Amino acid sequence: MKTVKPLFCFALIAWFLSAAAAAEELQYPLAVAAHGDTIYLVDLNLPGVWKASDGKLSVYFQADKKFRTPLNRPRCAAVDRDGRLYVGDSATREVYRFDADGRPQPLTSGAIGIPMGIAITAEGDLLVSDLEVHRIWKVKLSGEKTVTEKYADVAAPTGVCLDERQRLWVVSRGTNALYRVTPDKKVSEVISGRAFDLPHEVAIGVDGAAYISDGYAKAIWRLPAEGKPEKWFSGEPLVNPVGLTWHGGKLLVVDPRAKAVFQIDMEAKISVLLPAPKG
């Protein structure tokens, strides 16, 4: 009978310990959504969704690692006024709404290609950017049945958000950097040309300015109501800023390379929000 070598046993124990530790850490967070004191994080490599409350992270939904299973490749998230979570998934070409038991329910029957951003209208409908077909979809949830229909055509759309006038702001990786779509579906350029290196998300601040994350530039850009975009914050500790949302008067920034969520106040002072600093 063969005996197990001690070095092999130690290596096996170390592997299990490292795997357990990794299971409690952010893997590759891409998007963030907040409601009240609760923050949700979409993690591409988990794969699934984290929930943070009082600075503590826990797994809200653990997806299967098998490709083309629900939320195997989650990309974006949003929360409605009632606290219901929506997550876009490119593996199943779908947007899911989580029910009261934390289970994802499909909404579009796989009608969306690569969902990159979700905005929720005042009526409770969804506006979803689709990077694959260069389109913004409207997922109507306010009627008797769910209907997915074309809202606007925008080249290579990624992040989206709505302002107080229900105008949709759309980050584009196409010819022009930023678009705006009015409620009557008229599309106009806000920033012409490739103003950013690799833009991801947009969020409108209380000051009326648009804030855009730029992964390659390691920066957050600010576009005032009148004027040109300028770097509002750049450099360390940001490595590859992607997801954005406002929460408690601060801009939350998700960075998958740093495996962290930062918060930046209106004076452009940055601090780590998640994982919560120890001590």
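**Figure 1. Strand 17 and strand 18 of the predicted model pair in the antiparallel sense over four bridges.** Strand 18 comprises residues 210-214. Within this pairing, Pro199 has Asp214 in strand 18 as its bridge partner. The two strands belong to an open sheet of four strands, arranged in the order 17-18-19-20 with antiparallel pairing. At its edges stand strand 17 (199-204) and strand 20 (230-234), each of which pairs on one side only. From one strand to the next, the twist of this sheet averages 25 degrees.

**Figure 2. A second view shows an open sheet of four strands in the order 13-14-15-16.** The pairing in this sheet is antiparallel. Strand 13 (157-162) and strand 16 (187-191) are the edge strands, and each pairs on one side only. The twist averages 25 degrees from one strand to the next. Inside the sheet, strand 14 (residues 168-172) and strand 15 (residues 178-181) are joined in the antiparallel sense over four bridges.

**Figure 3. Trp169 and Arg180 meet both through the backbone pairing and through their side chains.** Arg180, in strand 15, is the bridge partner of Trp169. Arg180 also lies over the face of Trp169, at 4.9 Å from the ring centre. A further arrangement of this kind involves Arg135 and Trp137: the charged end of Arg135 sits over the ring of Trp137, 5.1 Å from its centre.

**Figure 4. Phe61 and Phe98 form an edge-to-face aromatic pair.** A pair of aromatic rings is described by the distance of the centres and the angle of the planes. For Phe61 and Phe98, the centres are 5.6 Å apart and the planes stand at 70 degrees; the pair counts as edge-to-face because the angle is over 60 degrees. Phe61 lies in strand 4 (residues 56-62) and Phe98 in strand 7 (residues 94-98), so the pair ties together parts that are 37 residues apart in sequence. Phe61 is buried, with a relative accessible area of 17%, and Phe98 is buried as well, with a value of 3%. Both rings belong to one aromatic cluster, together with Tyr40 and Tyr60. The structure as a whole holds six aromatic pairs.

**Figure 5. Strand 21 and strand 22 form a hairpin with two residues between the strands.** Strand 21 covers residues 244-247 and strand 22 residues 250-255; the two pair in the antiparallel sense over four bridges. Thr245 stands opposite Leu252, a residue of strand 22. In this hairpin, Gly248 takes a positive phi near 60 degrees.

**Figure 6. Thr146 is located in the loop between strand 11 (135-140) and strand 12 (147-153).** With a relative accessibility of 37%, Thr146 counts as partly exposed. When neighbours within four places in sequence are left aside, Thr146 is in contact with Leu107, Val139, Lys140 and Leu141. Leu107 is 39 residues from Thr146 in sequence, yet the C-alpha atoms of these two residues are 6.9 Å apart in space.

**Figure 7. Residues 6-22 form a stretch with a pLDDT below 50.** For the chain, the pLDDT averages 91, and 91% of the residues score at least 70. Beyond near neighbours in sequence, the stretch of residues 6-22 has two contacts in the model.

Terms used:
Residues numbered from 1 in each chain as written. Predicted model: local features only at pLDDT ≥ 70, side-chain atom pairs only at ≥ 80, totals over all residues. Heavy atoms only, no water. Phe/Tyr/Trp six-rings, centres within 6.5 Å; stacked < 30°, edge-to-face > 60°. Buried < 20%, exposed > 50% of the residue type's maximum accessible area, 1.4 Å probe, protein only. Lys NZ or Arg CZ within 6 Å of the ring centre and 35° of its normal. Pairing = 2+ DSSP bridges. Axes fitted to C-alpha atoms, helices over the stretch in contact; angles between N-to-C directions. pLDDT = per-residue confidence, 0-100. Contact = heavy atoms within 4.5 Å.
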